[in-house]
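Visitor: I'm new here, and I'd like to learn how the labels on a structure are earned. Could you walk me through it?

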Amino acid sequence: MQKTNYMQKRFINRVVWVSGAAQGIGRSIAELFAEEGASVAIIDIKEKEGKECAECIKSKGGTAAFFFCDLNVEGAIHQSITDTVATFGGLHIIVNNGAINMVKSLHDYTTEEWDRQLNINLKAIFLSFKYAYPYLKKNGGSSIVNIGSVSSFVGQAKTPGYIAAKGGVMMLTKSIAIDYASDSIRCNAVCPGITDTPMLREHMGEQSGIAERLHRVPAGRILQPHEIASGVAYLCSDDSSGITGTSLIIDGGYLATAEWDGGLL
């Protein structure tokens, strides 16, 4: 019997711009899109890691290029969009994944720290869309996925800038979906829970901190970046053609219950 190849290449002839793609969730997103036929623009401030990601994709037969970009700078975002189109000949998908976090009480923030949190985590979504819109509109079926968080729905201690921004990501996603549906542009959010990334380990510190937080997760384990990437790919593919203005929560059940401690209620 002939074997059937179930691996779909859903993004052939598509160009994807992914911010924060040098490591963690962003890298998994970039790698998955490349595996499925897309040309991938790897957008990040981490030059060494970003170039390594692009080379890794190319070594496996994929198409990718790294573009240095500080998401805190409007001109850099604009330039990265322009460079992506110039390199690959178009733009079909935007994945706003780049983010930062800061553990600090609100009254201890400086104005500059607050602005940086909101600029990178939220304003950069506005700017990437602003400069990508003319290209997305041409395609008659473009897609945007914004990476939110479980913190788009609930608060957590001493991360006010991150919480404020991620809440904003959810509502901005809905706004874009409503206002640009007539251009056949879909916009959705993916909201990860506790995922094994460099940002998480920097934020949580020691392994014991991560283990303590996992007591709140019914699935009882840390998520892996490729699990988030799969959700992003789904929302950018024709498989989800009727879905816009919503969120896909990938959190191991974290938000499903108000009380959970390893099953001992």
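Visitor: Where is Gln 117 found?

Guide: Gln 117 sits in helix 4, which covers residues 111-138. Keep in mind that this is a predicted model.

Visitor: Why does Gln 117 count as buried?

Guide: The cut-off for buried is under 20% relative accessible area. Gln 117 has 0%, so buried is the right word. Leaving aside residues up to four places away in sequence, Gln 117 touches Ile 100, Asn 101, Met 102, Tyr 109, Leu 122, Gly 161, Tyr 162 and Ala 165.

Visitor: And how confident is the predictor: what is the mean pLDDT of the chain?

Guide: The mean is 92, and 91% of the residues reach 70 or more. Residues 1-6 are another matter, with pLDDT below 50 and zero contacts beyond near neighbours in sequence. Where pLDDT is low, don't read the predicted coordinates in detail.

Visitor: On to the sheet. In what order do the strands come?

Guide: Seven strands form an open sheet in the order 3-2-1-4-5-6-7, with parallel pairing.

Visitor: What makes strand 3 and strand 7 edge strands?

Guide: Each has a single partner strand, so one side of each has no neighbour in the sheet. On average, neighbouring strands of the sheet are turned by 15 degrees against each other, direction ignored.

Visitor: How do you know that strand 1 and strand 2 pair?

Guide: Pairing needs at least two bridges. Strand 1 (residues 15-19) and strand 2 have five, in the parallel sense, so they pass. One of the matches is Val 15 with Ser 39 in strand 2. Between these strands the chain passes through helix 1 (residues 24-35), in a right-handed β-α-β crossover.

Visitor: What about strand 2 and strand 3: how many bridges do they have?

Guide: Six, again parallel, and Ser 39 has Thr 63 as its bridge partner in strand 3. Here the chain crosses through helix 2 (residues 47-59), and this β-α-β crossover is right-handed too.

Visitor: What makes strand 2 mostly covered?

Guide: Six of its six residues, 39-44, are buried. Ser 39, Ala 41 and Ile 43 point one way, while Val 40, Ile 42 and Asp 44 point the other way. That fits a general pattern: in a regular strand, side chains alternate between the two faces of the sheet.

Visitor: Why is the contact between Arg 10 and Asp 239 called a salt bridge?

Guide: The cut-off is a side-chain nitrogen of Lys or Arg within 4 Å of a carboxyl oxygen of Asp or Glu. Arg 10 and Asp 239 have 3.3 Å from N to O, so the name holds. Arg 10 lies in the segment before strand 1 and Asp 239 in the loop between helix 8 and strand 7, so the pair ties together parts 229 residues apart in sequence. Glu 36 joins Arg 10 and Asp 239 in a network of salt bridges.

Visitor: Is Arg 10 buried or exposed?

Guide: Neither, quite: at 26% relative accessibility, Arg 10 counts as partly exposed. Asp 239, at 45%, also counts as partly exposed.

Visitor: How do you know that Arg 27 and Glu 31 form a salt bridge?

Guide: Their closest N and O atoms are 2.8 Å apart, and the limit is 4 Å, so they qualify. Being four residues apart in helix 1, Arg 27 and Glu 31 are separated by about one helical turn. Arg 27, with a relative accessible area of 18%, is buried.

Methods:
Residues numbered from 1 in each chain as written. Predicted model: local features only at pLDDT ≥ 70, side-chain atom pairs only at ≥ 80, totals over all residues. Heavy atoms only, no water. Buried < 20%, exposed > 50% of the residue type's maximum accessible area, 1.4 Å probe, protein only. Helix = DSSP H or I, 4+ residues; strand = E, 2+ residues; numbered from the N terminus. Right-handed = clockwise from strand over helix to strand, strands pointing away. Contact = heavy atoms within 4.5 Å. pLDDT = per-residue confidence, 0-100. Axes fitted to C-alpha atoms, helices over the stretch in contact; angles between N-to-C directions.
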